[in-house]
Amino acid sequence: MPILNRIADLQPEIMGWRRELHAHPELMYDVHRTAAFVADRLREFGCDEVATGLGRTGVVGVIRGRKPVNGGDLKAIGLRADMDALPIEEETGVAYSSTVPGKMHACGHDGHTAMLLGAARYLAETRNFAGDAVMIFQPAEEGGAGAEAMIKDGLMDRFKIEQVYGMHNSPGMPIGTFATRVGPAMAATDHINIHIEGLGGHAARPHKSIDSVLVGAQLITALQSIVSRSVDPLDAAVISICEFHAGNARNVIPQTAELFGTARTLTPEVRDLIEQRVREVVNGVAQLSGAKITLDYERSYPVLVNHPAETGIAARVAADIAGEGNVSSEIPPVMGAEDFAYMLEARPGAFIFIGNGDSAGLHHPAYNFNDDAIIYGSSYWIKLVETQLAG
């Protein structure tokens with residue numbers, strides 16, 4: 001089954017939806033316009049059920065197949081797209097650029113939403129499957145754990161979802177290609193927040209002060225030794241301190257400083273080790289310097305772990321669409337994070353990457369989702385439903 005002719009015919013309309021969403025980006029859970037747009041389309045398509053307000057602003061559309069469900073067969077699978085944008089000023093220069101200052105779709109969630117809407121339209125027309133195809137449109141992937149919020153609102157149980165699948169575009173991968181892997185595919189992410197209380201004073205009398213800037217610098221250097229000297233070289237981990245705030249005058253040693261960063265890991269064991277060592281380093285530097293240092297170590301998204309059987313299914317479906325030579329099923333893990341991990345903790349499933357061509361990188365102000373990917377993404381979703389709910 002290559003690209004569906006019907007999806008190729010629908011491509012201009014799906015592209016129109018994508019560009020409409022692109023021009024009106026919304027952040028986190030405040031995706032009311034986007035959610036209403038999605039719900040309206042799902043109702044127009046004739047979905048059997050359209051539910052709104054899951055996880056505050058999530059939308060779910062249910063399409064029931066026309067084939068009978070046999071006793072041992074799957075009865076429902078979930079397909080997930082994310083809807084939220086990012087707080088970035090757009091620099092693409094396209095005619096349909098963001099109309100909202102300081103906000104843009106810099107991660108392709110507009111494309112993800114449009115591709116799943118295209119699949120929903122086709123599936124509602126044909127219904128050539130048995131059971132329920134559950135279309136999940138999620139808010140707040142970009143740091144708000146919208147997936148977890150939808151699960152807590154009963155997503156999996158209410159719609160009797162037995163397997164769940166996700167997709168994300170990947171700049172640098174050619175259009176018409178897919179990639180995935182079994183096991184840990186994307187990293188857990190934790191937040192490191194450090195407040196340093198030193199003793200402020202005159203820049204010419206440092207011996208009468210506890211220099212919060214020097215303490216912060218010592219902390220950054222010491223924290224960077226954790227990955228290189230505490231983590232097994234065969235395990236992956238990242239610690240990045242990306243914000244350092246202190247002082248407002250060149251001749252004043254500041255009383256306080258703040259550091260903010262992130263830790264990324266691929267296994268629970270390394271995740272625990274990183275947190276333990278960060279705490280030890282903070283306590284050690286506090287003792288050496290005499291500063292009071294407060295650490296807020298906040299665990300965020302878990303490791304995204306693809307299930308073996310479902311990942312194999314996803315790869316085979318992608319190969320049916322794009323050809324075996326255009327599907328990689330053994331890519332290395334990515335140290336970025338993705339809250340679809342929560343859904344894969346709740347149900348078996350798989351997350352796959354789809355090529356976005358030679359575009360700017362994700363979260364870059366010049367990034368734009370490539371509309372040429374639409375026919376591949378929508379066709380993948382359709383084939384996945386018709387394969388897993390074959391009846």
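1. A quick convention before anything else: two residues are in contact when they have heavy atoms within 4.5 Å of each other. With that in hand, start at histidine 363, which touches Leu86, Ile88, Ala106, Cys107 and Glu142 once residues up to four places away in sequence are set aside. Bear in mind while reading that this is a predicted model.

2. Where does histidine 363 sit? You'll find histidine 363 in the loop between β16 (349-355) and α10 (374-388). One of its partners deserves a second look: the side chains of histidine 363 and glutamate 142 are joined by a polar contact of 3.4 Å. There's also a long-range pairing to check on screen, since the C-alpha atoms of histidine 363 and glycine 108 are separated by 9.1 Å while the two residues are 255 residues apart along the chain.

3. Buried, partly exposed or exposed: which label fits histidine 363? Its relative accessibility is 40%, so histidine 363 goes down as partly exposed, because that label covers values between 20% and 50%.

4. Now arginine 271, which belongs to helix α7 (residues 268-289). This one is buried: its relative accessible area is 10%, and the cut-off for buried is under 20%. What does the arginine 271 side chain reach at 3.3 Å? That would be the backbone oxygen of tyrosine 301.

5. Tyrosine 301 isn't alone around arginine 271. Skipping neighbours within four places in sequence, the contacts of arginine 271 are Ala188, Thr189, Asp190, Thr265, Arg299, Ser300, Tyr301 and Pro302.

6. Zooming out, the protein splits into domain 1 (5-186 + 304-389) and domain 2 (188-300). Note that domain 1 is written as two segments. Taken over C-alpha atoms, the centres of domain 1 and domain 2 are 37 Å apart.

7. How do the domains meet? On the domain 1 side eight residues make contact, and on the domain 2 side nine do. Between domain 1 and domain 2 about 580 Å² is buried, with carbon and sulfur atoms giving 69% of that area. The domain 1 residues that touch domain 2 break down as seven nonpolar, one polar and no charged.

8. How many salt bridges and polar pairs turn up across this interface? The salt-bridge count between domain 1 and domain 2 is zero. For polar contacts, the rule picks out one residue pair across the interface of domain 1 and domain 2, with both residues at pLDDT 80 or more.

Conventions:
Residues are numbered from 1 along each chain as its sequence is written. This is a predicted model: local features need pLDDT of at least 70, side-chain atom pairs count only at pLDDT 80 or more; totals for chains, interfaces and linings use all residues. Side-chain values use heavy atoms; hydrogens and water are left out. Domain bounds come from an automatic or database domain assignment. Buried area is the accessible area (1.4 Å probe) that two parts lose on being put together, summed over both. A salt bridge is a side-chain nitrogen of Lys or Arg within 4 Å of a carboxyl oxygen of Asp or Glu. A polar contact is a pair of N or O atoms within 3.5 Å; within protein, one must be able to donate a hydrogen and the other to accept it, and residues adjacent in sequence count only if both atoms are side-chain atoms. Ala, Val, Leu, Ile, Met, Phe, Trp, Tyr, Cys and Pro count as nonpolar, Asp, Glu, Lys and Arg as charged, and the others, Gly among them, as polar. Helices (H or I, at least four residues) and strands (E, at least two) are DSSP runs, numbered from the N terminus. Buried means under 20% relative accessible area, exposed over 50%, partly exposed in between (1.4 Å probe, protein chains only).
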